Amino acid sequence: MKAIVQDRYGPSDVLRVGEVEPPAAGDGEVLVRVQAASVNARDWHVMRGDPYVARVAFGLGAPKVRVRGTDFAGRVEAVGAGVTRFRPGDEVYGEVDAAFAEYVRVPAAGAVDRKPANVTFEQAAAVPLAGNTALMGLRDEAGVRPGQRVLVNGASGGVGTFAVQLAKAFGAHVTGVCSTRNVDLVRSLGADRVIDYTVADFVREGGPYDVVFDLVGNRSLAEFRRVLTPTGTLVLSGGGVSEGGSLFGPVGLITRGRVVSRFVRHRVRVLTAVPGRENLATLRELIESGAVTPVIDRTFTLGEAAEAVRYLEMDHARAKVVITV
């Protein structure tokens, strides 16, 4: 089958269309014919092995997993022994390694669920990693409640577009921070206030906020804490754009956050988003109810995957970038 593979770390030129052995559904697994996949910041981080400290997890000399991609949406092609949740022909979506390919093999008990019925495969593929990150950050780490004031730093990105909508669905007053060209987009997602960071500084105006959800990693902990209420919550979730050659990248801010959280009154949470079918089911229900709508910036073909990753990593993208397979 065709898949997007890489054999060394580097820029998007290291990604190529290759022929690899197609997977088969083993016991407790489903084989999915991929219709669409989406690009995440994780893809270019793994592609470049950046920040360098992350190569401990990615693979020291080259990526452990040769095929890129995580998010997918498609149809079940076959099921292994013991699988009762799915049947061939079912439309599904989820997270698994090696999603930039014609087929993926997924544990039936893992991060896979029925595709939301009211969206396309492309829209469904845009949801899993970004939607799950936003859901866990706001619901599980911050515990957002009706009436709270929430700031989303990086509101026009993949996670940010879901975060704005989810915070509104939870009953919060939402402020989104983005660039000039994305102000209308963030406002259309339901943000009560939008701050254009090219002309205003959210640290100096607005607030205080009960929750700050940071998806960029471009401000200090002191600046984030300055706009919080005395008992407010700061949720850190990576961020940063590709500048190349960094040792720690956003990991530095996250590490400082872990240390500071022990000594301050504010709740400082470092988000580790764990994929799971329960959260996919929650996201499906929110999408089918109309509370959340996946937003796509551009679509590329599988053969254009390197261009798709380049488009995302150089910070040109808004919302989600999707690959059709």
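Visitor: In this predicted model, how many of the five residues of strand β15 are buried?
Guide: Strand β15 covers residues 320–324. A residue counts as buried under 20% relative accessible area. By that cut-off β15 is mostly covered, and its buried residues number four.

Visitor: Which strand pairs with β15 in the antiparallel sense?
Guide: The pairing runs over four bridges. Within it, V322 of β15 is the bridge partner of S38. The antiparallel partner spans residues 29–39 and is strand β3.

Visitor: Which strand runs parallel to β15, and how many bridges join the two?
Guide: The parallel partner is strand β14, residues 296–301. Here R298 stands opposite V321 of β15. The bridges that join β14 to β15 number five.

Visitor: Why does the span of helix α4 agree with its number of residues?
Guide: Helix α4 has 14 residues, numbered 128–141. At 1.5 Å a residue these should span 20 Å. The end C-alpha atoms agree with that expectation because their separation is 18 Å.

Visitor: Is α4 mostly covered or mostly uncovered, and how many of its 14 residues are buried?
Guide: Helix α4 is mostly covered. Its buried residues include P128, L129, N132, L135 and L138. The buried count for the helix is eleven.

Visitor: Which residue follows α4 with a positive phi?
Guide: The phi in question is near 60°. A residue at this place is also touched by L138 of α4. The residue is G143.

Visitor: How many residues does the largest nonpolar core have?
Guide: In soluble globular proteins, nonpolar side chains tend to be buried together. In this core, those with the most contacts inside it are L138, V144, V150, V152, V164, L166 and F213. The core has a residue count of 49.

Visitor: Which element gives the largest share of this core?
Guide: Elements that give two or more residues to the core include α3, α4, β8, α5, β9 and β11. The largest share is six residues. It comes from α5.

Visitor: Which residues does L138 touch, leaving out those up to four places away in sequence?
Guide: L138 is buried in α4 and is among the residues with the most contacts inside the largest core. Its contacts include V144, V150, L166 and F213. The others are G143, A163, A167 and F170.

Visitor: How many residues are in the second, separate core?
Guide: This core includes A37, F100, A317 and I323. Residue 37 lies in the range of β3, and residue 323 in that of β15. The second core has a residue count of 19.

Visitor: Which elements do the buried residues of α9 pack against?
Guide: In α9 the buried residues include L280, L283, R284 and I287. The helix has 13 residues and reaches 18 Å, close to the 18 Å expected. Just after α9, G290 takes a positive phi of about 90°. The buried residues of the helix pack against β5, β7, α4 and α5.

Visitor: What radius of gyration does the protein have, and why does it agree with a compact globule?
Guide: The C-alpha trace spans about 55 × 45 × 40 Å along its principal axes. With 325 residues, a compact globule would have a radius near 20 Å, so the value for the protein agrees. That value is 19 Å.

Note on methods. Residues are numbered from 1 along each chain as its sequence is written. This is a predicted model: local features need pLDDT of at least 70, side-chain atom pairs count only at pLDDT 80 or more; totals for chains, interfaces and linings use all residues. Side-chain values use heavy atoms; hydrogens and water are left out. The expected span of a helix is 1.5 Å times one less than its number of residues. Buried means under 20% relative accessible area, exposed over 50%, partly exposed in between (1.4 Å probe, protein chains only). Two strands pair if DSSP finds at least two bridges between them. A nonpolar core is a set of buried Ala, Val, Leu, Ile, Met, Phe, Trp, Tyr and Cys residues joined through side-chain atoms within 4.5 Å. Contact means heavy atoms within 4.5 Å. The radius of gyration is taken over C-alpha atoms; the globule rule is 2.2 Å times the number of residues to the power 0.38.
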